[in-house]
Amino acid sequence: MMPVRAAMAREGGGGVDDWLPDAQVLAMLDLEPQGWMLARAVHEGRLIVDFELAYINDAGCRLVGRPRVELVGHRYRQLWPETVHDGTLPFYRSVVETGNPALRTVYYERQSITGHFEFRVGPYRDGIMVRCVDLRQVTVSPQSAGAVRLYDMLDTAFDGFTVLRPVRDASAEIVDFVCEYINQVGAKMTGCSVEDVIGHRLSDVSAHSWDSGLFDRYRTVAETGEPWRQELTYPEISQVWEIKVGRTSGSHVAVSFREITEQVDKQRQLADSVARAEQAAARARSLESVTAALVAASTTAQVYTAIGSVLRPSAGGQSLALLLRQEQSLRLAYHAAYEPEVVARLHDLPIEHPYPAATVAHTGKPRYLTSLAQFHAAQPDPETAVPPGSRQAWAFLPLTVAGEVLGALVVGYRSPRDFDPDTRSTLTALAGLGAQALQRAMLFETSVSIASELQHALLPATLPQTAGLRHATRYLPWTRGAEVGGDWYDIIPISDGVVAVVIGDVAGHNTAAAATMGQVRDALRAYAIAGQRPSVVMNNVNHLIRALRLNTMATCCYLQLDVAEGAVTGVLAGHPPPILRDAHTTGLVRLPTHPALGVTDSVVYRENRFDLPPAATLVLYTDGLVEDRSHPLDRGLEELCAAVHDAPRLDPAEILDHILASDVGPSPRRDDIALLCLTRDPVEH
């Protein structure tokens with residue numbers, strides 16, 4: 001190859017040898033893999049207006065893509081006219097004028113030159129010496145056969161990527177950044193060309209970085225080395241960007257960025273779906289808890305308690321009122337957190353009143369008021385209007401069962417609110433559950449009333465008085481009360497001073513058990529009045545039950561008492577024994593226990609005798625007092641004996657009250673209880 005210096009002398013004209021370095025220096029530059037150029041300043045007066053290229057090596061020619069003959073001896077404005085106004089000439093001029101070397105990175109996509117160049121420029125005589133590197137040719141391993149172009153990789157990346165070089169002031173504080181590189185994706189995302197960004201200051205190409213706080217983030221990363229990542233939302237353009245910032249060697253800042261609006265939208269939609277699912281699950285749990293509470297409520301009072309403690313929180317309201325329809329008016333049956341002045345107006349409200357609850361009870365259609373203005377508009381006459389109290393939004397819900405409107409449920413809210421479809425659906429379901437529970441409770445209370453009347457009709461209205469003997473009875477129906485029990489007691493006069501004392505329990509809690517109890521009681525009365533001995537009475541009653549095919553059984557304690565003698569003859573048919581308290585002891589009367597009445601034909605009931613001393617107490621009872629599946633009989637009998645022992649001495653009523661007030665038997669009870677107490681008068685001295 002012809003030496004560059006000789007070629008330049010031949011191609012570039014005279015005077016070059018005197019200005020250029022010596023041959024050894026030029027020979028070294030000829031071998032450099034980077035491009036090297038020497039250019040003389042062109043003056044007009046004292047002002048440098050251009051630069052004339054005096055030398056360029058082979059690597060430089062390859063970088064600019066033109067032969068040396070088209071370059072040496074020509075001016076910058078002629079060679080690269082499209083880049084004259086991008087700050088290059090002033091940059092070169094400042095190096096000559098100040099004598100300070102400088103570094104510049106530029107990116108060109110022009111007809112005259114294309115590439116991403118790094119120019120290191122230093123002063124040389126009255127011109128400049130330039131080392132030029134095309135950064136796109138930088139490789140991970142330049143000497144390897146499989147070298148990978150780093151910048152080509154970045155240009156094919158999915159994310160935008162840029163490298164920023166800090167610009168410091170005299171105090172070494174970072175005041176700006178110069179973009180030394182940006183890939184094609186990044187330039188496209190920012191709406192600029194690569195050429196418009198590389199080599200330019202951040203303040204020129206992205207002035208909003210100061211307002212958005214990104215400049216401060218870049219500076220912090222450059223100074224501390226701590227990476228930073230964040231999602232930034234730009235509502236004005238409806239976009240979300242993910243920004244990642246890290247520091248490279250030399251305190252350069254590498255920034256990757258991408259628009260993630262679509263991903264964020266999908267995440268938000270997924271989160272909304274999850275939230276809706278959670279809300280649906282919460283509504284389902286709420287409905288389950290309300291259902292459980294209302295199903296457990298048997299009476300209207302229990303329903304009101306459940307509505308106030310469980311339904312109201314589930315509905316999300318701060319106050320609640322329940323109004324029942326009675327002919328042509330509404331009656332306030334229950335309320336929670338309502339003011340006295342509101343309660344007074346709702347006490348008895350005509351069904352034609354404009355108050356929305358009356359309209360709902362009349363039409364059976366729910367109504368929702370979202371503001372105080374809507375509430376006042378519904379009742380235009382302030383003289384007759386129901387006051388709002390502390391509420392500013394309302395849900396008026398019909399209490400409907402099988403097409404019948406029982407009344408209205410009013411849920412009040414302290415603040416204005418909207419009622420979306422899910423909320424309305426939930427409120428409607430809650431009102432439906434409340435209406436069903438309320439109707440069940442009303443029917444139950446009606447049944448309880450009927451059952452109570454029937455039960456008392458089957459028991460003796462009064463028991464006969466016998467000289468020398470006092471008695472008292474108690475009957476406690478089971479708390480479920482709508483079922484008629486089979487417990488009974490009786491005192492039957494047999495002859496002068498002799499009475500039969502009976503307590504029994506027919507299996508079952510229904511009208512059949514009550515009817516059987518009436519038959520057994522009447523049979524016992526008939527056989528007793530006929531003067532039959534206790535064992536004969538019990539055998540005859542057993543045969544009668546079997547003969548009539550009543551398909552039931554009954555436990556019974558039958559005693560025949562001679563009051564004057566204090567002699568007692570008794571038979572137990574599957575029934576717990578009576579308790580006897582005398583002057584010395586309290587305990588169970590030891591009577592043999594036979595099978596219950598109605599169980600078998602083969603049983604033969606036998607009687608036994610014991611004494612009832614003067615001033616003694618005898619207590620008869622049914623098993624509901626002392627046992628159930630969770631309360632053993634032995635434990636209940638021990639508790640009952642203790643209560644009888646501690647009870648008052650002579651008054652049978654006080655003794656029974658003491659027993660019932662003591663901790664005797666199961667709690668809560670699950671069966672009816674019948675009690676009969678006898679006290680024999682003390683001997684008069």
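**Figure 1. Lining of the largest pocket in the predicted model.** Among the 26 residues that line the largest pocket, Thr190, Ser206, His208, Ser209 and Phe257 lie nearest its centre. Two or more lining residues come from each of β6 (160–168), β7 (174–182), α10 (202–205), α11 (208–212), α12 (214–224), β9 (239–247) and β10 (253–259). The largest contribution is that of β7, with four residues. The volume of this pocket is about 530 Å³. A pocket is an open set of points on a 1 Å grid over the protein atoms alone, with protein on both sides within 12 Å along at least five of seven lines; lining residues have an atom within 4 Å of a point. Grid points are joined across faces, edges and corners, and a volume is the space filled by probe spheres set on the points. Helices (H or I, at least four residues) and strands (E, at least two) are DSSP runs, numbered from the N terminus. The structure is a predicted model, in which local features need pLDDT of at least 70 and side-chain atom pairs count only at pLDDT 80 or more, whereas totals for chains, interfaces and linings use all residues. Residues are numbered from 1 along each chain as its sequence is written, and side-chain values use heavy atoms, with hydrogens and water left out.

**Figure 2. The largest cavity and the elements that line it.** The structure holds two cavities of 30 Å³ or more, a cavity being a set of grid points where a 1.4 Å probe fits but cannot get out. The volume of the largest is about 240 Å³. It is lined by 22 residues, of which Met37, Tyr76, Trp80, Tyr92 and Phe119 are the closest to its centre. At least two lining residues are supplied by each of β1, β2, α5 (76–79), α6, β4 and β5.

**Figure 3. The open sheet β2-β1-β5-β4-β3 and helix α6.** Five strands with antiparallel pairing make up this open sheet, in the order β2-β1-β5-β4-β3. At its edges are β2 (47–56) and β3 (102–109), each of which pairs on one side only. From one strand to the next, the twist averages 30°. Two strands pair if DSSP finds at least two bridges between them. Strand β1 (residues 35–44) is joined to β2 in the antiparallel sense over eight bridges, and Val42 has Asp50 as its bridge partner in β2. Helix α6 (residues 88–98) lies across β2, β3, β4 (114–124) and β5 (127–134), and runs at about 90° to β2. Axes are lines fitted to C-alpha atoms, for helices over the stretch in contact, and angles run from 0 to 180 degrees between N-to-C directions.

**Figure 4. The open sheet β17-β27-β26-β22-β23 with helices α21 and α22.** This open sheet has five strands in the order β17-β27-β26-β22-β23, with antiparallel pairing. Because the edge strands β17 (469–476) and β23 (586–588) each have a single partner strand, one side of each is left without a neighbour in the sheet. The twist from one strand to the next averages 15°. Strand β27 (residues 673–680) runs antiparallel to β17 and is joined to it by eight bridges; Cys677 in β27 is the bridge partner of Ala472. Helix α21 (residues 633–646) packs on the sheet and touches β22 (579–581), β23 and β26 (617–621), with its direction at about 145° to that of β23. Helix α22 (residues 652–661) lies across β17, β22, β26 and β27, at about 35° to β17.

**Figure 5. The β11–β12 hairpin and its pairing with β13.** Strands β11 (residues 319–326) and β12 (residues 329–336) pair in the antiparallel sense over seven bridges. The two strands form a hairpin with two residues between them, and in the turn Glu327 has a positive phi of about 55°. Gln326 has Ser329 of β12 as its bridge partner. Strand β13 (residues 348–350) is antiparallel to β12 and joined to it by three bridges; within β13, Pro350 is the bridge partner of Ser329.

**Figure 6. Surroundings of Thr569.** Thr569 belongs to strand β21 (residues 567–573). Its relative accessible area is 16%, so Thr569 is buried; buried means under 20% relative accessible area, with a 1.4 Å probe and protein chains only. Apart from neighbours within four places in sequence, Thr569 is in contact with Arg533, Pro534, Tyr558, Leu559, Gln560, Glu607, Asn608 and Arg609, where contact means heavy atoms within 4.5 Å.

How values were computed
Buried < 20%, exposed > 50% of the residue type's maximum accessible area, 1.4 Å probe, protein only.
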